[in-house]
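This report describes the surface, the interior and the overall make-up of one protein chain, and is meant to be read beside the sequence and the coordinates.

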Amino acid sequence: MIKDEGLICKFIISKKPVGASITERSIPLAVFATDEEVKKVYLRKWLKDPNLTDFSIREILDWEYYIDRLSKTIQKIITIPAYLQNIPNPVPGVKHPDWLLKKENMARNQRKIDTMFTKIVKNPDDMDVIVDDGVADMEDIGNTSKKTSTTAIVRVHKRRRESENEKEKAEEEILDKNRELVKCLDSMEAM
């Protein structure tokens, strides 16, 4: 009977049935603590091997799976950080992952942007349009003249004041139009 908080079930990964997924190869550890006959029945059933005679946990374990998991953990904790700090592999039994070596080779082979772009000095005589600071305007590139003036022309337009008389006339016109609109609306409502 289960009491208190939850159920805890620990599993191992077996090497049989061959070609099955990891979830299909998981076996609860509690089976190894049961009677010998119960253990034999369930291990033969789960391992799908009716002729199984050795029921030792060492023979059933998938050692390749556990070595691979341990190697990946060692890579994450020790070897990858060491490689990124240019330290020789402190655990020679665990090789660096392929993606890390590819990434490092790509970074080493990548050209710097400075090598792709260089500054070219041109003769001022070769350029069609030259501005005072030595940079040509995009709008002036198609012009055939050798030089254009860089002096800006400023034009000022002042608003003319309307006379008081003109203002009054404009206001009267607006009021007359408003009155006509009101009359038109009233006549429409009357219909």
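On the surface of this predicted model, Val 38, Val 41 and Tyr 42 form a nonpolar patch, and together these residues have about 250 Å² of accessible area. Val 38 is found in helix α1, which covers residues 36-47. Val 38 counts as partly exposed because its relative accessibility is 35%, a value that lies between the limits of 20% for buried and 50% for exposed residues.

Turning to the interior, the largest nonpolar core has 10 residues. Its members are Ile 12, Ile 27, Val 31, Phe 32, Leu 43, Leu 47, Leu 52, Phe 55, Ile 60 and Leu 61. One of these core residues is Phe 55, and when its neighbours within four places in sequence are left aside, Phe 55 is in contact with Phe 32, Leu 43 and Ile 60, as well as with Lys 39, Lys 40 and Arg 44.

As for the protein as a whole, the secondary structure comes to six helices and two strands, and along the sequence these elements follow the pattern β-β-α-α-α-α-α-α. The accessible surface of the protein comes to about 17,400 Å². Three percentages for the protein are set out below.

| Quantity | Value |
|---|---|
| Buried residues, out of the 191 residues in the protein | 18% |
| Residues 24 or more positions apart, as a share of contacts with a separation of 6 or more | 27% |
| Carbon and sulfur atoms, as a share of the accessible surface | 55% |

How values were computed. Residues are numbered from 1 along each chain as its sequence is written. This is a predicted model: local features need pLDDT of at least 70, side-chain atom pairs count only at pLDDT 80 or more; totals for chains, interfaces and linings use all residues. Side-chain values use heavy atoms; hydrogens and water are left out. A nonpolar core is a set of buried Ala, Val, Leu, Ile, Met, Phe, Trp, Tyr and Cys residues joined through side-chain atoms within 4.5 Å. Buried means under 20% relative accessible area, exposed over 50%, partly exposed in between (1.4 Å probe, protein chains only). Contact means heavy atoms within 4.5 Å. Patches are made of residues with over 30% relative accessible area and no salt bridge: like charges are joined within 9 Å, nonpolar side chains (Val, Leu, Ile, Met, Phe, Trp, Tyr) within 5 Å. Accessible areas come from the Shrake-Rupley method with a 1.4 Å probe; for residues, only the protein chains shown count as cover. A salt bridge is a side-chain nitrogen of Lys or Arg within 4 Å of a carboxyl oxygen of Asp or Glu. Helices (H or I, at least four residues) and strands (E, at least two) are DSSP runs, numbered from the N terminus.
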